[in-house]
Amino acid sequence: MRAEFTGEVLDDDTLMRILDAAHRAPSVGNSQPWDFIVVRDPDTLTRFAAHVADKRVEFGESLPPERARTFEPIKIEGITESGTGIVVTHDDSRGGPHILGRATVPETGLYSTILAIQNLWLAATAEGVGVGWVSFYDAPFLTELIDLPPGIRPVAWLCVGAVHEFQETPDLERFGWRERRPLREAVHWEKFAPDSSV
Ligand SMILES: Cc1cc2nc3c(=O)[nH]c(=O)nc-3n(C[C@H](O)[C@H](O)[C@H](O)COP(=O)(O)O)c2cc1C
C-alpha cells in the first residue's frame with residue numbers, strides 16, 4: 001500500500017485489534033521481543049517522510065539509467081497520507097540469556113518480530129485496512145526520531161490506514177520492476193538442486 005490511502009486516520013479500536021493480533025504472534029521461547037510505537041504527530045511523520053525522500057534519491061542515483069527510469073514513477077511510501085506509522089522494534093535481550101529454542105539459531109529472535117509484523121499485516125487486511133512497509137531509512141535516524149533506547153532495534157516502519165482499494169497485482173509488477181516467481185520455482189523436492197523444483 002502506497003498510493004491508495006484515503007487520508008482517513010484509523011480509529012483506535014481498529015488499531016488495537018490489529019496490534020492485538022500482532023502481539024499474539026508465535027515467538028521463540030515465548031520471548032515476544034517486539035514493541036509497537038504508534039506515530040501520528042504530523043511533525044514526526046513529515047520529518048520521517050523527508051528522510052525517506054532523501055534515501056529514495058540516493059537509491060535512484062545508484063541505479064543504471066534504464067532501471068532508474070523504471071524506478072522513477074514507483075511510489076515507495078505513504079507516510080503522511082496514511083496518518084499512522086507503526087514502528088515495530090526488536091529487543092534481542094528480552095527474556096534474558098536462556099531463550100528456549102534460540103541457542104542454535106540466534107536469528108529466531110528477529111524472526112519472531114517479523115512474524116508479529118506478518119500477523120499485523122494479515123489482521124489489517126482482514127479489517128480492510130491498508131499496510132505498507134517502508135524500509136528506505138537509516139536506522140540511526142529513526143532511532144533518534146522516536147527516542148528508541150539502546151538495544152531496541154527498529155525493524156519496520158509500517159504505514160497503516162484506510163484505503164480506497166486493494167491492488168490485485170503488486171505495484172512492482174505493474175510498474176515493470178520485478179515479476180513474481182511462479183510457485184513451482186520455489187518448491188523443491190527432497191533436495192535444493194536446480195532440477196528438484198516441479
Ligand atoms: C521487508 C520488506 C521491506 C519492504 N520495503 C518497502 C519499501 O520501502 N517501500 C515500498 O513501497 N514497499 C516495500 N515493501 C513492499 C514490497 O515492495 C511488496 O510487498 C512487494 O512488492 C510485493 O507486493 P505485494 O505485497 O503487493 O504482493 C517491503 C516489503 C518487505 C517484506
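Which strands does helix 5 (residues 108-126) lie across? Helix 5 lies across strand 1, strand 2, strand 3 and strand 4. Keep in mind that what you're looking at is a predicted model. Here's a quick tour, starting with the sheet, moving on to the helix over it, and ending with the ligand.

**The sheet as a whole**

- Four strands make up an open sheet, and if you walk across it you meet them in the order 1-2-4-3.
- The pairing in this sheet is antiparallel.
- At the edges sit strand 1 (34-39) and strand 3, and each of these pairs on one side only.
- Going from one strand to the next, the twist averages 30°.

**Walking across, pair by pair**

- Start with strand 1 and strand 2: they run antiparallel and are joined by 6 bridges.
- To find this pair in the structure, look for Phe36, which stands opposite Val88 in strand 2.
- Next come strand 2 and strand 4, also antiparallel, with 7 bridges joining them.
- A handy marker here is Gly85, whose bridge partner in strand 4 is Cys159.
- Last up, strand 3 pairs with strand 4 (residues 152-162) in the antiparallel sense, over 6 bridges.
- In this pair you can spot Val129 standing opposite Ala162 in strand 4.

**The helix and the covered strand**

- Back to helix 5 (residues 108-126): it runs at about 155° to strand 2 (85-91).
- Is strand 2 mostly covered or mostly open? Strand 2 is mostly covered, with 6 of its 7 residues buried.

**Around the ligand**

- Ten names are worth finding here: the residues around the ligand are Arg2, Ile76, Glu77, Gly132, Trp133, Val134, Ser135, Phe136, Pro170 and Leu172.
- Sort this shell by character and you get 6 nonpolar, 2 polar and 2 charged residues.
- Which strand gives the largest share of the shell? That's strand 3 (residues 129-134), which supplies 3 residues.
- So strand 3 turns up twice in this tour, by the ligand and at an edge of the sheet, by definition of an edge strand as one that pairs on one side only.

**What the record says**

- UniProt, in an unreviewed entry, lists residues 4-161 as "domain: Nitroreductase".
- Over residues 4-161, the chain is 44% helix and 18% strand.
- The end C-alpha atoms of residues 4-161 are 9 Å apart.

Conventions: Residues are numbered from 1 along each chain as its sequence is written. This is a predicted model: local features need pLDDT of at least 70, side-chain atom pairs count only at pLDDT 80 or more; totals for chains, interfaces and linings use all residues. A residue is near a molecule or strand if its C-beta atom, placed from the backbone, lies within 6 Å of it. Helices (H or I, at least four residues) and strands (E, at least two) are DSSP runs, numbered from the N terminus. Ala, Val, Leu, Ile, Met, Phe, Trp, Tyr, Cys and Pro count as nonpolar, Asp, Glu, Lys and Arg as charged, and the others, Gly among them, as polar. UniProt positions are given in the numbering used here, feature names are shortened, and annotations may be inferred rather than shown by experiment. Two strands pair if DSSP finds at least two bridges between them. Axes are lines fitted to C-alpha atoms, for helices over the stretch in contact, and angles run from 0 to 180 degrees between N-to-C directions. Two residues are in contact if their C-beta atoms, placed from the backbone, lie within 7 Å. A residue is buried if 20 or more other C-beta atoms lie within 10 Å of its own, exposed if 12 or fewer, and partly exposed in between; C-beta atoms are placed from the backbone.
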